[in-house]
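Trainee: Hey, have you got a few minutes to go through this structure with me? I'd like to start with how the helices pack.

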Amino acid sequence: MILLDLALSFGVLSLIAFGGMPSVMPEMQRLAVDVKGWTTHAQFIQLFAIAQAAPGPNVLVVSLIGWRAAGLPGAVVALLAVCAPAAVLSWWIADLWERFKDSPWRRAIQRAIAPLVVGLTLAGGYVLCTPATPDWRLWAIAAGAAAAAFARRLHPLWLLAAGGAAGAFLLR
Amino acid sequence: MQVAPPRTLTELFTGFLAIGARSFGGVLPWAYRTMVEERRWLTQADFAETIGLCQFLPGPNIGNASIVLGKRWFGVSGAVVAFLGLMALPFVFVMALGMLYLEWAPNPAVRAVVTGVGAAGAGLFIGTALKLGKALVRKPAALVLVAGCFLAVGVGRWSLLIVMPLAMVLGIFCARRDWL
């Protein structure tokens with residue numbers, strides 16, 4: 001039952017996605033490629049590319065994974081599964097948020113999340129461009145984009161377009 | 001600045017529709033522009049506070065924001081309507097692009113371009129992480145956590161289901177001792 005599998009797998013991800021979707025990108029890749037075989041590694045980076053280039057929340061990459069696994073119903077189920085548990089949690093926490101404004105635990109959790117997000121986002125970038133047989137060309141494109149994003153304020157779409165152009169030359 | 005919440009569910013829906021449809025390369029700036037500058041539903045401070053809450057919660061940040069704001073203004077129906085408004089058009093766009101891509105995927109040139117875009121997207125992740133990481137360089141405990149997460153999940157390929165709870169406990173421990 002692939003739909004149930006999608007719902008459970010992404011539903012769990014929803015609750016550990018501290019810092020948002022980039023934090024769980026490596027786990028999503030591990031799940032879709034290594035554990036479940038819903039996509040190949042090469043397809044995964046391409047689905048990720050499509051979701052990055054399209055407008056909207058970057059969480060929508062899960063719809064593309066769900067779609068490859070189980071068609072259109074898979075796309076809907078994956079998206080709802082990755083959003084719903086967190087949404088229910090948000091619903092409950094929203095009211096408590098004000099009350100715990102000065103709680104030291106709130107500060108502690110906020111501070112704890114920051115380094116995790118940095119480490120996991122780095123891992124996400126690394127995993128995406130490291131297929132089973134490492135490819136220096138993917139690393140070169142990623143390094144260029146990372147350096148440009150780090151050094152100056154550019155609109156992300158310019159960097160994605162530049163990556164596409166570089167891909168046309170390097171990856172054929 | 002005068003602010004007033006949306007008066008009807010339709011207004012809420014079209015507002016979130018406008019956010020989703022236009023948000024190329026990141027939703028947050030468009031959420032700000034739509035809700036604070038154009039429609040004046042929220043003050044700047046209120047917006048920042050809501051986003052702060054959603055960055056604290058797990059899950060897709062802006063998806064959570066649609067739930068929190070929808071609930072604040074219209075209860076359950078508001079949360080559902082805001083969420084659907086936010087996701088509806090981006091879902092259609094991404095699926096249409098995906099289907100178009102599948103059509104063209106046999107062409108090696110198309111695959112090369114799309115893979116290049118993906119590699120650049122991975123680079124954007126790394127660039128963003130480095131920017132966020134600048135604030136942590138003077139904190140050895142934070143650097144250990146960054147390295148630990150990267151090595152365990154990125155290189156070691158451990159499951160996040162194990163790493164995340166462990167890292168959270170360690171992180172909160174360090175934060176309580178003022179190491180972060």
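**Helices and chains in contact**

Mentor: Sure. In this predicted model, helix H7 (residues 156–170) of chain A and helix H5 (residues 108–133) of chain B have axes that come within 7 Å of each other and cross at roughly 135°.

Trainee: OK, so what do we call that arrangement of H7(A) and H5(B)?

Mentor: With that angle, H7(A) is oblique to H5(B), because oblique covers what is left once angles under 35 degrees, over 145 and from 65 to 115 are taken out.

Trainee: And is the crossing left-handed or right-handed?

Mentor: H7(A) makes a right-handed crossing with H5(B).

Trainee: Which residues of the two helices meet there?

Mentor: On the H7(A) side they include A:Pro156, A:Leu159, A:Leu160 and A:Gly163. Among their partners in H5(B) are B:Val113, B:Thr115, B:Val117 and B:Leu124. Sorted by class, the contact of H7(A) with H5(B) has 13 nonpolar, six polar and no charged residues.

Trainee: Let's zoom out. How many residues does each chain put into the contact?

Mentor: Chain B gives 81 residues and chain A gives 86 residues.

Trainee: Which element gives the most on the chain B side?

Mentor: H5(B) does, with 25 residues on the side of chain B that touches chain A. By class, that side of chain B has 53 nonpolar, 22 polar and six charged residues.

Trainee: Can we pick one residue from H5(B)?

Mentor: Try B:Ile126, which lies in helix H5 of chain B.

Trainee: Is B:Ile126 buried or exposed?

Mentor: B:Ile126 counts as buried, because it has 24 C-beta neighbours inside 10 Å, and the cut-off for buried is 20 or more.

Trainee: What is B:Ile126 in contact with, leaving aside its neighbours within four places in sequence?

Mentor: With those left aside, B:Ile126 is in contact with A:Leu122, A:Gly125, A:Ala142 and A:Ala146. As for B:Ala21, it is 105 residues from B:Ile126 along the chain, and their C-alpha atoms are separated by 26 Å.

Trainee: Now one from chain A. Where does A:Pro22 lie?

Mentor: A:Pro22 lies in helix H2 (residues 21–35) of chain A. A:Pro22 counts as buried too, because it has 21 C-beta neighbours inside 10 Å.

Trainee: And what is A:Pro22 in contact with?

Mentor: Leaving aside neighbours within four places in sequence, A:Pro22 is in contact with A:Thr121, A:Gly124 and B:Phe125. A:Ala149 is 127 residues from A:Pro22 in sequence, and the two are 16 Å apart in space, C-alpha to C-alpha.

Trainee: Switching topic: how do H3(B) and H4(B) cross?

Mentor: Their axes come within 9 Å and cross at roughly 125°. That angle makes H3(B) oblique to H4(B), and H3(B) passes H4(B) in a right-handed crossing.

Trainee: Which residues make that contact?

Mentor: H3(B) brings B:Thr50, B:Ile51, B:Leu53, B:Cys54 and B:Gln55. H4(B) brings B:Asn61, B:Asn64, B:Ala65, B:Val68 and B:Leu69. The contact of H3(B) with H4(B) divides into six nonpolar, four polar and no charged residues.

Trainee: Last one: what are the domains of chain B?

Mentor: The domain assignment of chain B gives domain 1 (1–107) and domain 2 (128–180). Taken over C-alpha atoms, the centres of domain 1 and domain 2 of chain B are separated by 29 Å.

Definitions and conventions:
Residues numbered from 1 in each chain as written. Chains lettered and ligands numbered in written order. Predicted model: local features only at pLDDT ≥ 70, side-chain atom pairs only at ≥ 80, totals over all residues. Axes fitted to C-alpha atoms, helices over the stretch in contact; angles between N-to-C directions. Helix = DSSP H or I, 4+ residues; strand = E, 2+ residues; numbered from the N terminus. Left-handed = near helix turned anticlockwise from the far one by under 90°. Contact = placed C-beta atoms within 7 Å. Nonpolar A, V, L, I, M, F, W, Y, C, P; charged D, E, K, R; others polar. Domains from an automatic or database assignment. Buried ≥ 20, exposed ≤ 12 C-beta atoms within 10 Å, placed from the backbone.
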